[in-house]
Amino acid sequence: MKFSMIFEAQLVDPTPERERQVIHDCVEQAVHAEEMDFDRVWAVEHHSLTQYAHMSASEIFLTWVAARTERIRIGHGVVTMPFGYQHPVRVAERAAMLDVLSGGRVDVGAGRGATRQEMRMYGVRPEDTYPQMEEALRIFAAAWREERFEWHGSIDIGPGAILPRPVQDPHPPLFMACSKHDTLKLAAELGIGALVLGFAGADDVRAMRKVYDDAISERDGSRLVSSEVNDHFSALCPTVVLDDAERALRLGTRGQRFFAESIAHWYGDSPAPTGYAEDEDHTGALERRRDELVARLHEANVPARPVDTGTYNTDHAYGDADTAIAYVERLREIGVDEVMCLIQMGTVPQEVCMETIRQWGEKVIPHFRALSEEAK
């Protein structure tokens, strides 16, 4: 089982100064993740989603991280793939360049960028997001293999060379963001890894693992985007870990409340989130908001699944190291290939993020590394 971290670059009450600090804080966390034996860092790509995600140019962020690290893998989790956001050749060139500079450490995840806010900023049509994301994945898998590449689908490309060539042969591993059962099935049919939201807790992760595995067992290979099949299942794990377990729970649930309310703002037209006192009942507040959010999503004709009631479940790795180990044991039993830690939620202080990374690196990850060694 692998261990990773994902960055949204969230912040409360944004100002240019706070925004700059948060982005530098994320770099510091990513460097510390390598020191603490994490396997990978992921960075999202979102646009114009104030508070929820200020990580708009993840390729630059990841390049900066790669320059300051030596071993840890560098993951796009994810690139917005519809052509209005960026031409697929440009994505392939950037990913290959980063693969060269990092010594072959890049992973590429695909996403739709399907909030109305993002689509409005780039002139992307909702009906184009799924087919263009899939076509972009097929373009990557072909472009990185051929010295002289051309493509004639909904978009015409080439002929010409896609330069540079990536270090990983024939191309970096491919993934896809999966928030619904339908997207899990699609990822399995395409033969690419699944990056799964885990806010609904271990039982929901178990159900999603089964959907993915069933789709893998039933596929006939006709929709595979590459001969390099990647059946990797990565599940989100919201976490804050401190010696003071009660404070970790308060800070974790406060961070999750901020995350839930900010995503609800952009997906379901809920009010924007604000900062909260540390000693508020954030678990209770999340419970109270659950039904309201789902109602707003339905009113806005937004499928509830990406941010449904699971976003408000606080049964996660919030507490001391033993709490985190117990939660990850549940994920291991389910068969999760990668635990993707979400630590940088908007209200979690930098020193708490850094301490959480240290606790995972010194106590949680070694526990599971030892189990892996025993199993050999």
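These are my notes on two helix packings and one arginine in a predicted model.

Entry 1, α1 and α2. I looked up how helix α1, residues 16–35, sits against helix α2, residues 58–67. The two pack with their axes 10 Å apart, at an angle of about 45 degrees. That angle makes α1 oblique to α2. I noted the crossing of α1 past α2 as right-handed. For the contact itself, I listed Ile23, Cys26, Val27 and Ala30 on the α1 side. On the α2 side I found Phe61, Trp64 and Val65. Sorting the residues of this contact gave 7 nonpolar, no polar and no charged.

Entry 2, α1 and α11. I then took α1 with helix α11, residues 350–375. Their axes come within 10 Å and cross at roughly 15 degrees. Angles under 35 degrees count as roughly parallel, and α1 and α11 are therefore roughly parallel to each other. The crossing of α1 past α11 is right-handed. From α1, I recorded Asp25, Glu28, Gln29, His32 and Ala33 in the contact. They meet Gln350, Cys353, Met354, Ile357 and Arg358 of α11. I sorted the residues of this contact into 4 nonpolar, 3 polar and 3 charged.

Entry 3, Arg116. I located Arg116 in helix α4, which covers residues 116–122. Is Arg116 buried or exposed? I entered it as partly exposed, because its relative accessibility is 34% and that class lies between the 20% and 50% limits. I also checked its separation from Pro126: the two are 10 residues apart in sequence. In space, Arg116 and Pro126 are 8.3 Å apart, C-alpha to C-alpha.

Conventions. Residues numbered from 1 in each chain as written. Predicted model: local features only at pLDDT ≥ 70, side-chain atom pairs only at ≥ 80, totals over all residues. Heavy atoms only, no water. Axes fitted to C-alpha atoms, helices over the stretch in contact; angles between N-to-C directions. Helix = DSSP H or I, 4+ residues; strand = E, 2+ residues; numbered from the N terminus. Parallel < 35°, antiparallel > 145°, perpendicular 65-115°, else oblique. Left-handed = near helix turned anticlockwise from the far one by under 90°. Contact = heavy atoms within 4.5 Å. Nonpolar A, V, L, I, M, F, W, Y, C, P; charged D, E, K, R; others polar. Buried < 20%, exposed > 50% of the residue type's maximum accessible area, 1.4 Å probe, protein only.
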